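Below is a short report on a ligand site and on some unusual backbone geometry. Start with the structure, then read on.

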Amino acid sequence: MTDWKRWHDPYDDPQSPLSGRLRAVQHQIGFALDRAAPGPVRLLSLCAGEGRDVLPVLAEHPRGADVTGRLVELDPGLCAAARSAAPPAIEAVQGDAGTTALCAGAAPADVLLLCGIFGNIPDADVARTVAATPSLLATGGTVIWTRHTWAPDLTPLVRAWFFEAGVEAISFVTAGRWAVGAGVLRTASMPLEAHARLFAFNR
Ligand SMILES: C[S@@+](CC[C@H](N)C(=O)[O-])C[C@H]1O[C@@H](n2cnc3c(N)ncnc32)[C@H](O)[C@@H]1O
């Protein structure tokens, strides 16, 4: 079993590859907020960990106060850490993000984070989750995702699946052995299927 609390430790070293990935994700969150239409912005982060990607950006970005949303995290300790760092408009919900159940009420989001997921689930679950993006994301909204690039590198397929789902690629950067992608949903958002299984972690 992965110790997900310890997984976050490299974030404390600015030179670590994971910190490089974190900065790339944070840049994309900032750009997504730059693009967001005036008014309220809805955010949804699945498998959010401590929310280290989202929360510092919201604290500093001029649109941060416009953002409401939900971080979904299975680990109670990590979820509690996220909750204590989050502003009142961002709820941290402890539970399984692998079904759509805890997305109800937070989707479709204007900013959707799928970070730290695709390297930990079967390829078929990655495909299923990407295909479900139009039900999690509002038209014009931004999805930000990560995946390692170790062989066999799945990122070309992930990018193709997002394209098939109606997501236009906005950015794709590699940071060390990590890739960070961002895209905008150009097709109509779809109704959220209740209690649909998207993914399950390998361990
Ligand atoms: C690789 S970490 C990524 C954390 C965060 N998204 C980030 O990038 O900093 C994966 C996270 O997913 C959480 N997790 C694993 N299975 C989950 C599930 N079924 N539902 C919600 N969270 C889950 C773990 O506890 C861990 O915090």
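## Ligand contacts

A polar backbone atom of L74 lies 3.1 Å from a nitrogen atom of the ligand. This is a predicted model. A97 also uses its backbone: one of its polar atoms there is 2.8 Å from a ligand nitrogen atom. E73 makes its contact through the side chain, where a polar atom is 2.5 Å from an oxygen atom of the ligand. On its own, the ligand has 600 Å² of accessible area, and the protein covers 96% of that.

Which residues come closest to the ligand? They are Y11, R21, C47, E73 and D96, out of 19 that surround the ligand. E73 is thus named twice, as one of the closest residues and as the source of the 2.5 Å side-chain contact. By class, the shell holds 10 nonpolar residues, 4 polar and 5 charged.

## The pocket

Where does the ligand sit? The ligand occupies the largest pocket. The volume of this pocket is about 710 Å³. Its lining has 35 residues, and those closest to the pocket centre are W4, C47, G116, N120 and F201. Two elements give two or more residues to the lining: α1, residues 4-7, and β5, residues 137-148. Of the elements, β5 gives the most, with 3 residues.

The lining mixes classes. There are 16 nonpolar residues, 10 polar and 9 charged. The shell around the ligand, for its part, counts 10 nonpolar, 4 polar and 5 charged.

## Positive phi

Most residues other than glycine have a negative phi. C47 is not a glycine, yet its phi is positive, at about 55°. C47 belongs to the loop between β1 (41-46) and α3 (54-60). The residue also matters to the picture above: C47 is among the closest to the ligand and among the closest to the centre of the largest pocket.

H195 has a positive phi too, of about 55°, and is likewise not a glycine. H195 is placed in the segment after β7, which spans 178-185.

## Cis peptide bonds

Most peptide bonds are trans. The bond that joins A107 and P108 is cis, with omega about 5°. P108 lies in the loop between β3 (90-94) and β4 (109-114).

What is the omega of the peptide bond from A151 to P152? It is near -5°, and the bond is cis. P152 is found in the loop between β5 and α7 (155-164). β5 has come up before, as the element that gives the most residues to the lining of the largest pocket.

Definitions and conventions:
Residues numbered from 1 in each chain as written. Predicted model: local features only at pLDDT ≥ 70, side-chain atom pairs only at ≥ 80, totals over all residues. Heavy atoms only, no water. 1 Å grid on protein atoms, 1.4 Å probe; cavity = no way out; pocket = protein on both sides within 12 Å on 5 of 7 lines; lining within 4 Å. Points joined across faces, edges and corners; volume = space filled by probe spheres on them. Helix = DSSP H or I, 4+ residues; strand = E, 2+ residues; numbered from the N terminus. Nonpolar A, V, L, I, M, F, W, Y, C, P; charged D, E, K, R; others polar. Near = heavy atom within 4 Å. Polar contact = N/O pair within 3.5 Å; in protein donor to acceptor, adjacent residues only side chain to side chain. Areas by Shrake-Rupley, 256 points an atom, 1.4 Å probe, with all protein chains shown as cover. Sits in = over half its atoms within 2 Å of the grid points.
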